[in-house]
Amino acid sequence: MLQTLRNAWKTPDIRKKIFYVLFILLLYRIGTVIPVPFVDASNFAENFGDTIFAYMNLLSGGALSAATLFALGVSPYITASIVIQLLAVAIPPLGRKIQDGERGKAFNEKLTRYVTVLLAIATGYGYYVLLKSNGMLTDVATSASKPIQVLIAIVIVTCYVAGAALVMWLGEKINEKGIGNGISLILFANIIAALPSTVYNLVWLIIYGGFKGTATGWGKVGYVAGTFGFALGYVALLIVMAVFVIWITGSERRIPVQYSKQVKGRKMYGGHSTTLPIKLNMAGVMPIIFASSIISLPATIMTLCGVKSAKSLLASDANATVNGWNKFYDFMSSDGWFYPLVFVILIIAFSYFYITISFNPVEVANNLKSNGGRIPGIREGKPTSDYIKKILNKVTLMGAFFLAIVAVLPMIGTPLVIEPIVEKLLSNTGMGSYMSASNFASAFSFGGTSILIVIGVVQETYRELEAQLTMRNYKGFL
């Protein structure tokens with residue numbers, strides 16, 4: 001990989017494309033800190049920790065919680081792409097039109113743009129209502145007259161819609177003049193943007209939890225060793241997770257295929273053996289995205305209706321009144337046992353659903369038959385499609401278990417392992433309490449979705465770099 005990067009950097013036109021991508025990503029990161037007028041979302045993270053907005057905040061690189069220009073991020077574009085993909089399967093004429101070569105590709109891009117804008121308008125208005133109902137607008141916006149409030153609402157929604165359209169345009173510019181998939185690279189930049197703060201908190205914990213802590217003597221030595229051990233263990237865990245994801249992502253089940261000899265004119269074709277690869281993680285990160293959206297809906301709806309966590313209410317006021325809805329909110333939160341269980345079930349279900357709409361064993365069997373190929377020991381036609389479907393179901397199940405492990409392991413490990421260790425280490429700083437430990441430990445929480453997206457984008461961009469280098473080094477026949 002390093003040799004490929006060196007060769008790409010030495011090639012002038014590829015180097016220009018790399019600089020272009022970096023420039024676009026810089027513009028995007030600037031947009032994530034541009035404030036929107038009449039909005040003050042300083043307490044956003046406190047109210048929407050376990051809702052779908054926490055996941056959307058990850059995809060926006062923190063812009064959603066800050067309510068800046070790019071608060072909607074790439075979510076409208078991703079949702080529009082998923083909707084069109086599902087409609088193409090549900091409506092055969094639309095699917096055929098999208099698959100009609102270059103014209104179909106252009107039509108698909110145009111349709112995606114329109115749907116993205118429509119979704120951005122709906123999402124932007126919903127986001128404005130959310131900000132207004134939770135007191136996240138400035139005093140000027142809340143104390144203004146009714147006509148002025150309507151005008152302010154139009155300004156805020158227009159800013160968010162314009163930001164979503166600009167993000168889509170930046171992604172398309174990377175596709176045209178850069179290297180890699182534009183939206184994927186923007187997602188990559190959003191996730192990587194949280195890395196400096198994680199490193200800063202890790203260094204802060206080592207300095208103030210260890211060297212400058214309140215403990216003395218051998219206790220101080222123990223805290224210093226504990227902070228270093230936590231830092232090394234955290235980095236080692238990330239490396240192990242990354243290696244595991246790379247290994248599983250590259251795994252595949254290869255079905256042997258034998259092509260019979262065919263005589264066409266005066267030449268003989270075929271007669272060779274090959275394999276039909278079925279990737280273990282064919283669905284990618286999509287099942288986790290679908291499952292996260294569904295499992296977060298109850299907490300999101302309760303939050304929009306004003307229901308809060310019983311733990312947070314009692315933490316702020318020991319005499320606060322707690323009802324059944326507050327307890328149900330805690331039951332549906334990610335730190336309980338029900339949330340991970342349902343999350344695993346939804347990931348498995350959506351893995352099969354996504355494979356069903358994206359891979360057709362009957363079509364694969366027909367293509368093999370039309371090209372003179374057959375699976376050894378399996379008759380052509382329906383027996384071949386049934387055999388492929390049987391193997392596909394087994395591979396999909398293993399891939400679903402892989403996604404469930406990657407997604408749920410950090411969810412379980414953060415409250416059970418990371419938070420107790422951080423709480424113990426923070427006690428040496430003189431400011432350790434359970435809530436501060438919980439909030440501080442969130443800086444070290446890592447999502448399986450983030451790791452999958454980062455590794456997927458790196459692999460995709462690396463393959464395109466290799467393709468660009470191969471194309472430029474090809475000398476031809478003359």
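D386 is partly exposed, its relative accessible area being 37%, where partly exposed denotes the range between buried (under 20%) and exposed (over 50%), evaluated with a 1.4 Å probe on protein chains only. The model is a predicted one, in which local features require pLDDT of at least 70 and side-chain atom pairs count only at pLDDT 80 or more, whereas totals for chains, interfaces and linings use all residues. Residues are numbered from 1 along each chain as its sequence is written, and side-chain values use heavy atoms, without hydrogens or water.

The side chain of D386 takes part in a salt bridge with K382, the N to O separation being 2.9 Å. A salt bridge is counted where a side-chain nitrogen of Lys or Arg lies within 4 Å of a carboxyl oxygen of Asp or Glu. Both partners belong to helix α20, which covers residues 382-426; helices (H or I, at least four residues) and strands (E, at least two) are DSSP runs numbered from the N terminus. Because K382 and D386 are four residues apart in this helix, about one helical turn separates them. In contrast to the partly exposed D386, K382 is exposed, with a relative accessible area of 58%.

In total, five salt bridges are counted in the model. Side chains of opposite charge can pair when their charged atoms come close. Among the five is the pair formed by R103 and D100, for which the closest N and O atoms are 3.0 Å apart. R103 is exposed at 65% relative accessible area, while D100 is partly exposed at 37%. Another joins R254 to E252, with 2.8 Å between the closest N and O atoms. Here R254 is exposed, its relative accessibility being 52%, and E252 is partly exposed at 33%. The arginine of each of these two pairs is thus classed as exposed, and the acidic partner as partly exposed.

Helix α20 also contributes to an internal space. The model holds one cavity of 30 Å³ or more, a cavity being a set of points on a 1 Å grid over the protein atoms alone where a 1.4 Å probe fits but cannot get out. The volume of the largest cavity is about 60 Å³, taken as the space filled by probe spheres set on the points, which are joined across faces, edges and corners. Its lining comprises 14 residues, of which L280, M282, A283, I355 and T396 are the closest to the centre; lining residues have an atom within 4 Å of a point. At least two lining residues each are supplied by strand β4 (273-279), helix α18 (338-358) and helix α20. Helix α20 makes the greatest contribution, with six residues.

Strand β4 includes K279, which is partly exposed at 36% relative accessibility. The C-alpha atom of K279 lies 6.2 Å from that of R253, although 26 residues separate the two in sequence. A contact over a longer stretch of chain involves A8 and L465: their C-alpha atoms are separated by 7.0 Å, and the residues are 457 apart along the chain. A8 is located in helix α1, residues 2-10, and is buried, with a relative accessible area of 0%.

Positive phi values in residues other than glycine were also examined. For F38, which is not a glycine, phi is positive at about 70°. This residue is placed in the loop that connects α2 (12-31) with α3 (44-47), where F38 is partly exposed at 27% relative accessible area. A67, likewise a residue other than glycine, has a positive phi near 55°. The loop between α5 (63-66) and α6 (75-90) contains A67. Unlike the partly exposed F38, A67 is buried, with 2% relative accessibility.

Methods:
On a 1 Å grid over the protein atoms alone, a cavity is a set of points where a 1.4 Å probe fits but cannot get out, and a pocket is an open set with protein on both sides within 12 Å along at least five of seven lines; lining residues have an atom within 4 Å of a point.
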